[in-house]
Amino acid sequence: MKEKIKTFCAICILILTVPYVVTLLFQGNETSVGNGEIQELLTENAAGSGTLGDSGMDLEEYLTGILAKEIPLDYEKEAIKAQAVIARTQAAAAMGTEEQNLPDSMSREEMLTLWGQEGFEANYRTIEEAVASTRGEILMCDGSPIQAAFHAVSAGKTRAAKEALQQEDKPYLSAVESGMDIPSPDFLKVVFMEKEEFLKKLEGICPGVTEAGGEVLEKVSVLERDPSDYVLQMKIGEQTSTGEEFRECLGLNSACYYLKEVDNKIRIVSKGLGHGLGLSQYGANELAKEGKGYQEILQYYYKGVSIEKIDEK
């Protein structure tokens with residue numbers, strides 16, 4: 001146990017000094033982690049002082065730093081509380097993997113630089129309250145922390161993991177209606193590209209596509225979509241790519257996109273912002289405005305999960 005705790009502390013020190021942007025939807029190589037072990041991992045440390053190793057930052061402050069990065073702080077309190085439970089769940093789930101890729105966290109000094117003194121006090125109080133009011137709560141399914149994927153704005157419906165990732169099903173990541181995302185300013189984005197620019201960008205995933213003859217949208221087309229309208233597979237020249245690869249190559253907001261030639265240019269309309277799996281933050285905020293509590297919001301987006309307290313003896 002002590003070795004695991006030391007490993008946890010070392011990782012936390014690393015993420016506080018070398019921040020990285022978490023873009024992985026899931027962590028691989030899962031192992032079974034029971035409630036008791038999670039409790040120890042999240043609440044103990046090598047010195048027994050309640051802090052994350054030599055960094056001097058305790059768990060609650062660490063989670064506060066995660067929220068500072070992950071969600072707009074002008075969102076409703078219940079939406080921010082939901083995100084706090086997600087962050088704690090991700091930390092617990094990461095400890096059950098070989099990689100132990102913990103979510104990135106900001107230090108107080110970084111927050112102060114970002115917000116200034118006046119903004120720091122208000123924002124820190126908001127996220128501190130969200131973390132404290134959900135203390136110890138994580139999302140569980142079949143005795144283990146779930147892989148709590150989330151995104152900024154859905155395309156009107158979230159995605160099911162089975163179709164989106166083409167791997168084993170995770171029933172708690174099923175498609176749910178999220179029409180409350182439609183009013184978001186990030187719901188719809190329209191981009192026009194010159195044909196030459198469009199094809200040149202695609203050279204990164206399909207070398208030689210610029211040299212092939214024929215009309216552009218004969219060479220580049222959608223082959224398959226999932227039930228939520230996100231693109232699963234693309235045809236690019238003689239090759240195929242995933243919708244996410246295409247999205248990344250062109251810098252699109254999501255893989256829910258539509259291509260059309262307009263005025264001799266390629267028009268790309270994308271819906272939503274992010275990968276579309278799990279909780280939609282904008283949708284969660286709209287549900288909070290309707291009076292839904294954070295637990296109800298979480299159980300709307302993650303089907304069949306339980307919310308359990310694991311850090312109190």
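This report walks through one predicted chain, from its overall make-up to a small sheet, two buried residues and some salt bridges.

Some ground rules before we start: residues are numbered from 1 along each chain as its sequence is written, and side-chain values use heavy atoms, with hydrogens and water left out. Since the model is predicted, local features need pLDDT of at least 70 and side-chain atom pairs count only at pLDDT 80 or more, while totals for chains, interfaces and linings use all residues.

## The chain as a whole

The chain holds eleven helices and eleven strands. Helices (H or I, at least four residues) and strands (E, at least two) are DSSP runs, numbered from the N terminus. Of its 313 residues, 50% are buried; buried means under 20% relative accessible area, exposed means over 50%, and partly exposed falls in between (1.4 Å probe, protein chains only). About 14,600 Å² of the chain is exposed, with carbon and sulfur atoms supplying 48% of that. Accessible areas come from the Shrake-Rupley method with a 1.4 Å probe, and for residues only the protein chains shown count as cover. As for contacts (heavy atoms within 4.5 Å), take those with a separation of 6 or more: residues 24 or more positions apart account for 70% of them.

## A three-stranded sheet and its helices

Three strands form an open, antiparallel sheet in the order 4-9-8. Strands count as paired if DSSP finds at least two bridges between them. Strand 4 and strand 8 (257-262) sit at the edges with a single partner strand each, so one side of each has no neighbour in the sheet. From one strand to the next, the twist averages 20°.

Strand 4 and strand 9 (residues 265-271) run antiparallel and are joined by seven bridges. Along this pairing, Lys-189 stands opposite Ser-270 in strand 9.

Two helices join the picture. Helix 7 (residues 195-202) lies across strand 4, strand 8 and strand 9, and runs at about 100° to strand 4. Helix 9 (residues 243-250) packs on the sheet too, touching strand 4, strand 8 and strand 9, with its direction at about 55° to that of strand 8. The axes behind these angles are lines fitted to C-alpha atoms, for helices over the stretch in contact, and angles run from 0 to 180 degrees between N-to-C directions.

Strand 4 (residues 188-194) includes Val-190, which is partly exposed at 45% relative accessible area. Together with Leu-188 and Phe-192, Val-190 forms a nonpolar surface patch with about 280 Å² of accessible area. Patches are made of residues with over 30% relative accessible area and no salt bridge; like charges are joined within 9 Å, and nonpolar side chains (Val, Leu, Ile, Met, Phe, Trp, Tyr) within 5 Å.

## Two buried residues

In strand 9 we find Ile-266, buried with a relative accessible area of 0%. Its C-alpha atom is separated by 8.2 Å from that of Val-191, 75 residues away along the chain. Leaving aside neighbours within four places in sequence, the contacts of Ile-266 include Phe-192, Phe-198, Leu-217 and Lys-260.

Thr-158 sits in the loop between strand 3 (150-151) and helix 6 (161-165). Thr-158 is buried as well, with a relative accessible area of 0%. Beyond its neighbours within four places in sequence, Thr-158 touches, among others, His-151, Ser-174, Ser-228, Gly-276 and Tyr-301.

## Salt bridges

The structure holds ten salt bridges, each a side-chain nitrogen of Lys or Arg within 4 Å of a carboxyl oxygen of Asp or Glu. Here are some of them.

| Pair | Closest N and O atoms |
|---|---|
| Arg-159 and Asp-226 | 2.8 Å |
| Lys-195 and Glu-261 | 2.9 Å |
| Glu-244 and Arg-247 | 3.1 Å |

Lys-195 lies in helix 7 and Glu-261 in strand 8, so their salt bridge ties together parts 66 residues apart in sequence. Lys-195 counts as buried at 14% relative accessibility, whereas Glu-261 counts as partly exposed at 32%.

What about the buried Arg-159, with its 3% relative accessibility? Its partner Asp-226 is buried too, at 5%.

Glu-244 and Arg-247 both belong to helix 9, three residues apart, or about one turn of the helix. Glu-244 is partly exposed at 29% relative accessible area, while Arg-247 is buried at 17%. Salt bridges with shared partners link Arg-159, Asp-226, Glu-244 and Arg-247 into one network.
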